[in-house]
Amino acid sequence: MTTQDLTAVEAGAAGNPAAPAPGARQVWRRLRAQRAAVAGTAVIALLVLVALAAPLLSAIEGQNTTAYHPELVDSASGGVPLGSFGGISGDHWLGVEPGTGRDMFSRLVHGAQISLAVALGATLVQILVGVGTGLAAGLGNRFVDNLLSRVTDVMITMPALVFAIALMAVVPDSFPRPLLLALIIGFVAWGSISKLVRAQVLSLKSLDYVAASRLAGSGTWRIARRELLPSLVAPVITYAALLIPANMVIESGLSFLGIGVKPPTPSWGQMLSSANTWYEADPAYVLLPAAMLFISVLAFTVLADGIRTALDPRAASRLRIGTGRKREEAAS
Amino acid sequence: MRQLSLISRRVAAVAVGLALAGGAAACGPKDSGGAKASTDAKPAKGGTLYVLNNQAQEDFDPARLYTSGGGNVPSLVYRTLTTRTRANGAEGSKVAADLATNTGEPSKDATVWTYHLKDGLKYEDGSPITTADIKYGIERAFAAELSGGAPYLRDWLIGGAAYQGPYKDKNGLASVETPDARTIVFHLNKPEGEFPFLATQTSFAPVPKAKDTGTKYAEHPVSSGPYKVIKNENNGEHLVLERNPNWSEATDDQRKAYPDSIDVQSGLDQAVINQRLSTGTGKDAAAVTTDTNLGPAELAKVNGDKALASRVGTGHFGYTDYIAFNPKVKPFDNPKVRQAIAYAVNRTTVVNAVGGSSLADQATTYLPEQASFGYTPYDPFPAGKTGDPVKAKQVLAEAGYPNGITVSLTHDVTKADEQGPEVATAVQDALKAAGITVKLDGQEHKAFSEKIHNVSTEPGFFLTGWGADWPSGGPFLGPIFDGRQIVKDGSNFNNAQLDDPAVNKEIDEINKLTDLKAAAVRWGALDKKIGEQAVTVPLFHPVYKRLFGKDIKNVVISDWTGVLDISQVSVK
């Protein structure tokens with residue numbers, strides 16, 4: 001995530017901290033009213049389902065991710081799959097990988113597991129670290145604020161990919177790779193979410209209801225928990241929805257560079273990396289993982305945009321979605 | 001010194017043969033000979049030949065170059081006592097006389113070798129070439145500031161181990177005698193029947209002492225060959241060679257030297273080289289590459305295009321990629337475990353992992369398939385084309401592992417490398433069927449190389465490869481299986497740490513032979529004997545497939561280098 005994204009988010013959902021957090025049901029209604037967001041949600045739901053059911057789907061197809069099928073490739077021609085569009089057949093629904101003859105369908109659906117798990121895991125880490133440091137900076141004294149803000153600045157300025165590459169290289173091989181990927185992406189790219197939370201906290205802190213709570217004798221921790229966190233939910237969720245596709249891209253990037261998950265574990269980025277010379281001889285090999293990655297990232301981005309609109313009352317009313325009295329009555 | 005040399009030996013073999021990622025190139029047993037297409041038209045003199053390469057021709061100094069048979073580009077500038085025969089296929093794996101009148105006259109026990117120079121040999125400035133200059137050139141190879149050459153001179157010449165080079169030791173090396181300007185005599189510390197092969201290396205090129213500029217000599221070396229260096233930019237990244245008017249065809253029956261000038265551009269991406277050669281527009285029509293193979297995806301394209309397929313040169317360089325075991329690591333101390341792996345290996349998927357049957361031949365012998373190596377077919381643990389998991393399971397049970405076993409395979413993480421993850425996963429998949437669970441231990445390229453060549457860190461089960469400095473069994477079997485060549489502190493290539501007195505003795509015996517045919521038969525027999533111990537599992541020999549431009553004529557690919565010989569090519 002870059003600071004540009006941050007600005008966009010602040011201009012949107014984060015723009016009006018004084019607005020009360022809309023109820024979950026209202027948000028859902030506003031989200032449902034946006035066709036693109038509904039489509040995005042459907043695609044993501046399907047993707048999650050496919051990822052969860054990957055072993056089952058492979059079993060139904062009767063293949064697995066690692067078995068070699070040398071009889072399905074033309075060894076003399078560099079191992080190009082026999083048959084059209086990457087060797088599509090009843091046994092291999094999306095064809096086979098050049099050279100090895102491994103089943104593409106199995107590898108793609110298992111690749112979805114890695115992509116989603118790493119992206120979601122990394123986002124979770126980013127939220128925990130970002131919200132924690134953002135709150136502490138916003139509520140702490142000047143020294144704490146300065147220290148945390150400078151650390152955050154450093155994290156934002158640091159090129160995440162380069163930093164991740166360096167970290168991946170020093171961790172022993174025995175550490176589980178998907179977990180490592182999630183942790184590393186999570187811990188190098190939490191800067192912008194922390195900035196966002198700090199800015200929100202600073203503006204919320206000066207509001208009357210927070211002052212009232214303080215006058216009533218609430219401590220800092222209680223204010224954070226009871227008064228601030230509920231108001232932070234909307235911007236953080238919006239931001240998290242944007243972080244997921246970004247993390248997905250970082251994971252593919254790392255796998256593309258050969259430092260992501262280890263072979264023979266399939267990953268879209270890794271497939272793209274080995275496929276990049278095959279675009280002429282076997283276009284299917286490049287198009288399939290590229291399409292999966294493109295569709296997933298697009299779906300998450302569209303959903304994030306929808307969530308932002310749904311959570312921002314001003315944007316929602318401007319778009320006249322989910323505010324109609326009749327519909328609201330019907331819903332209640 | 002020895003360790004450094006050994007490292008560069010492997011690097012050189014790789015550079016000559018494979019150009020790492022994309023490739024291997026050469027001519028071989030199955031389809032010996034060059035490409036058929038452009039050999040019909042008569043070659044003629046003139047024009048400029050362009051060489052598009054990936055790796056730079058670094059350290060273009062005869063003392064520092066590490067070549068097999070004098071190299072391709074270097075051999076255009078440096079003539080040596082002997083050289084490789086410039087002919088297609090097996091004929092090209094023989095030694096031919098170059099500056100010398102013959103390939104050498106050995107003493108009875110092959111410890112003293114005598115050469116006489118031809119008449120009328122001149123440098124680019126017209127001054128005569130003498131044996132004193134050849135002796136000086138050899139002495140330069142011992143100088144620490146000119147490191148990089150092969151270790152053989154140091155190992156073989158009497159006093160070689162202690163000699164510091166001509167800059168520090170003005171007295172010179174006594175074991176190289178020059179009784180007159182036309183005669184040179186070498187005194188070796190042991191019999192070496194393959195000395196004529198060594199005399200093809202660039203350290204045997206003459207260097208006039210008065211023109212020696214030390215480490216700067218590479219920029220403007222004094223040519224004895226058909227071309228002189230006009231430009232050498234960025235340490236060999238761009239070389240421009242022009243015809244040397246003082247070279248005479250009459251004294252050189254190996255080099256043809258058709259083009260008037262040769263432009264060698266390096267540092268190009270391998271995909272770019274292949275793209276430019278296949279399109280072949282403008283200057284690229286008169287271009288060749290000596291270090292970039294066709295990749296698997298490019299091969300698929302070429303095979304569907306007849307015109308393009310006719311512009312591919314096929315060759316075989318003596319190189320073997322294999323699984324190595326360290327029998328000091330459990331469970332590989334048990335020969336039955338090693339045998340089980342040998343039975344289980346699926347060479348079809350392994351060959352596919354490096355680009356398929358056009359880019360690699362399945363190997364069951366350690367020696368490459370060329371006759372000059374002494375190739376003797378054998379297959380002590382027949383796995384067929386796709387592995388024999390049933391037999392492997394049975395042998396594993398005999399070894400005491402009826403329920404299977406879990407082992408770790410160390411490999412290079414570099415993609416599309418012959419020791420890379422593609423080959424490792426193919427081995428992993430094949431062994432699974434035999435109940436052997438393989439965990440992949442991928443190492444970064446440099447770490448991998450350091451780890452496997454140090455006896456204290458050497459893993460039990462890993463991928464590696466070996467290429468010969470010349471096409472014979474000696475430099476192939478010696479460094480890998482001679483017990484006296486085990487190096488204790490890094491740069492060890494005897495991976496099995498095999499120290500078998502019978503093997504060592506046989507190596508010494510064969511080195512005494514000057515009849516290379518007789519020697520080849522015995523190298524083959526020795527290979528078979530070692531193979532039965534299952535200390536390695538040979539996987540494949542790479543095949544070189546390289547494109548050349550539309551205007552290229554007279555393509556000659558020998559079994560020695562596997563690459564088209566620049567000295568034979570014509571562009572007119």
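## Why the labels fit

In this predicted model, 29 residues of chain B are in contact with 23 residues of chain A.

User: What makes a residue of chain B count as being in contact with chain A?

Analyst: The cut-off is C-beta atoms within 7 Å, and 29 residues of chain B meet it with 23 residues of chain A. Helix H7 (296-303), helix H10 (347-353), helix H12 (421-432) and strand S16 (436-443) of chain B each give two or more residues to that side. By type, the side of chain B that touches chain A has eleven nonpolar, 13 polar and five charged residues.

User: Okay, why are S6 and S7 of chain B called paired?

Analyst: Pairing takes at least two bridges, and S6(B) and S7(B) have three, so they pair. They run antiparallel, and one bridge links B:Val176 with B:Phe186 in S7(B).

User: And why is strand S6 (176-180) of chain B called an edge strand?

Analyst: Look at the order of the open sheet, S4-S5-S7-S6 (chain B). S6(B) pairs on one side only, and so does strand S4 (105-106) of chain B. Helix H3 (residues 131-140) of chain B lies across S6 and S7 of chain B, at about 170 degrees to S6(B).

User: How do you know that A:Ile185 is buried?

Analyst: A:Ile185 belongs to the largest nonpolar core, which has 223 residues. Core members must be buried, so A:Ile185 has 20 or more other C-beta atoms within 10 Å of its own. A:Ile185 is also among those with the most contacts inside the core, alongside B:Val51, B:Ala340, B:Ile341, B:Ala344 and B:Val427. Beyond its neighbours within four places in sequence, the contacts of A:Ile185 include A:Val118, A:Ala122 and A:Ile250.

Notes
Residues are numbered from 1 along each chain as its sequence is written. Chains are lettered from A and ligands numbered from 1 in the order in which they are written. This is a predicted model: local features need pLDDT of at least 70, side-chain atom pairs count only at pLDDT 80 or more; totals for chains, interfaces and linings use all residues. Two residues are in contact if their C-beta atoms, placed from the backbone, lie within 7 Å. Helices (H or I, at least four residues) and strands (E, at least two) are DSSP runs, numbered from the N terminus. Ala, Val, Leu, Ile, Met, Phe, Trp, Tyr, Cys and Pro count as nonpolar, Asp, Glu, Lys and Arg as charged, and the others, Gly among them, as polar. Axes are lines fitted to C-alpha atoms, for helices over the stretch in contact, and angles run from 0 to 180 degrees between N-to-C directions. A nonpolar core is a set of buried Ala, Val, Leu, Ile, Met, Phe, Trp, Tyr and Cys residues joined through C-beta atoms within 7 Å. A residue is buried if 20 or more other C-beta atoms lie within 10 Å of its own, exposed if 12 or fewer, and partly exposed in between; C-beta atoms are placed from the backbone.
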